[in-house]
Amino acid sequence: MPDLWLLVLACAAGTYLWRGLGVLLSGRIRIDSELFNWVACVAYAMVAGLVVRIIVMPTGMLAQSLLTDRLLACALALLAYYTCRRNLFIAVCAGVIALIAINYVRTAWVLLG
């Protein structure tokens, strides 16, 4: 049990160390610098990679849906995102609702057909 608390404290220390460094350095970093642009690009690339991994190689319950269904739901979410003036909340809701509806229709189609 003490090993678990030591691990939790070490993780918290690491997290707060990086947050503290971010606060200290945030006033010194120019937003228009090449370093800041590079960090932003890396962050966007990591998010894009995670989204693609979730869509192409999902785990858990999402893995039971078809790839075409996930891609169609993603396309509908992107359409909602750009149609609703880049509102991320609406896009996420549209993607979730689309995936649920697509799976519901596919299941009903299989049961009736």
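Q: What makes the crossing of α3 and α4 right-handed rather than left-handed?
A: A crossing is left-handed if the near helix is turned anticlockwise from the far one by less than a right angle, and right-handed if clockwise. In this predicted model, the crossing of α3 and α4 is right-handed, so the near helix is turned clockwise from the far one.

Q: How do you know at what angle α3 and α4 cross?
A: Helix α3 covers residues 67-83 and helix α4 residues 88-112; their axes (lines fitted to C-alpha atoms over the stretch in contact) come within 8 Å. The angle, which can run from 0 to 180 degrees between N-to-C directions, is roughly 150°.

Q: Which residues make the contact of α3 with α4?
A: Contact means heavy atoms within 4.5 Å. On α3, the residues in contact include Leu 72, Ala 73 and Leu 76, and on α4 they include Ala 91, Gly 95 and Ile 102.

Q: What classes of residue does the contact of α3 with α4 have?
A: The contact has 12 nonpolar, 3 polar and 3 charged residues. Because Asp and Arg count as charged, Asp 69, Arg 70 and Arg 106 belong to the charged class. Gly 95 of α4 is polar, because Gly is placed in that class.

Q: How do you know how confident the predictor is in the protein chain?
A: The pLDDT, a confidence from 0 to 100 for each residue, averages 92, and 99% of the residues score at least 70. Among the elements, α1 (residues 2-26) has the lowest mean, 88, and α3 the highest, 96.

Q: What makes up the lining of the largest pocket?
A: A lining residue has an atom within 4 Å of a pocket point; a pocket is an open set of points, on a 1 Å grid where a 1.4 Å probe fits, with protein on both sides within 12 Å along at least five of seven lines. The largest pocket, of about 660 Å³, is lined by 20 residues. Val 51, Ile 55, Cys 74, Ala 77 and Leu 78 lie nearest its centre. The largest share, 7 residues, comes from α3, and the lining divides into 17 nonpolar, 1 polar and 2 charged residues.

Q: Which helix gives the most to the lining of the second largest pocket?
A: Helix α4 does, with 4 residues. This pocket has a volume of about 170 Å³, and its lining divides into 4 nonpolar, 4 polar and 2 charged residues. Asp 69 and Arg 106 line this pocket and also take part in the contact of α3 with α4.

Q: What rules apply to the numbering and to the values?
A: Residues are numbered from 1 along each chain as its sequence is written. Local features need pLDDT of at least 70 and side-chain atom pairs 80 or more, while totals for chains, interfaces and linings use all residues, and side-chain values use heavy atoms, without hydrogens and water.

Terms used: Helix = DSSP H or I, 4+ residues; strand = E, 2+ residues; numbered from the N terminus. Points joined across faces, edges and corners; volume = space filled by probe spheres on them.
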